[in-house]
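Open the model in a viewer and keep the selection panel at hand. The stops below each begin with something to select.

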Amino acid sequence: MATFEDLKRIDKLSWYVVQHYQHLLKPDELAALRGFHIQLKSTEVESLAHKGLLKRWAPETPESRAKMENGMAFLYDAIRDRVLQDHGTEVIINRCPHCNALTRTPRARQCPECFERW
Ligand SMILES: [Zn+2]
């Protein structure tokens, strides 16, 4: 069962790729991510009816369940690696020219670490 602590363990580049390049994800990767998000939501929600609705909204498949076996951070890293391998030329990894930190978005022009603008 995924917890909010697991969110903190996700690599920054993996998070960035998944957030900004969702259109490059495969259906089973999206289903596995939804499965984790449902687990996170379910820990907040008491109502069984609501949990049932969440499960119906994003049913798990054997493929998506297999992708969830090693945890959320592992899934994010696997998706990052797969997307960069298959779509390396489409993905813009935007880094600060001053400190090399990863920006918040592919088009950001300000660093989240040193606040340099360019
Ligand atoms: Zn910077």
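Select Ile92, which sits in the segment after α6. This is a predicted model. Is Ile92 buried, exposed or partly exposed? There are 13 other C-beta atoms within 10 Å of Ile92, so it counts as partly exposed; 20 or more would be needed for buried, and 12 or fewer for exposed. Now add Val17 to the selection and draw a distance between the two C-alpha atoms. Ile92 and Val17 are 75 residues apart along the chain, and their C-alpha atoms are separated by 9.0 Å.

Stay with Val17 and extend the selection to α2, residues 12-20. Val17 is one of the buried residues in α2, together with Ser14, Tyr16 and Val18. Show α6 as well: it is part of what covers the buried residues of α2.

Next, select α6 alone, residues 72-87. How far apart are its end C-alpha atoms? They are 22 Å apart, and this agrees with the span expected for 16 residues at 1.5 Å a residue, also 22 Å. Within α6, colour Met72, Leu75, Tyr76, Ile79, Arg80 and Val83, which are buried. These residues cover an arc of only 135° around the axis, so they lie on the same side of α6. Looking down the axis is a convenient view for this stop.

Now select the largest nonpolar core. How many residues make it up? There are 12 in all: Ala2, Tyr16, Val17, Val18, Ala32, Leu33, Phe36, Met72, Leu75, Tyr76, Ile79 and Val83. At least two residues of this core come from each of α2, α3 (27-44) and α6. Which helix gives the largest share? That is α6, with five residues. As background, nonpolar side chains in soluble globular proteins tend to be buried together.

From the core, pick Ala2 and display its surroundings. Leaving aside neighbours within four places in sequence, Ala2 is in contact with Phe36, Gln39, Leu40 and Met72. Of these, Phe36 and Met72 are also members of the core.

Finally, clear the selection and view the whole chain. The protein has six helices and zero strands, and its pattern along the sequence reads α-α-α-α-α-α. Colour by burial: 17% of the 118 residues count as buried. Then draw the contacts between residues at least 6 apart in sequence; 60% of them join residues at least 24 apart.

Key:
Residues numbered from 1 in each chain as written. Predicted model: local features only at pLDDT ≥ 70, side-chain atom pairs only at ≥ 80, totals over all residues. Helix = DSSP H or I, 4+ residues; strand = E, 2+ residues; numbered from the N terminus. Expected span 1.5 Å × (residues − 1). Arc of directions from axis to C-beta. Core = buried A, V, L, I, M, F, W, Y, C linked by C-beta atoms within 7 Å. Contact = placed C-beta atoms within 7 Å.
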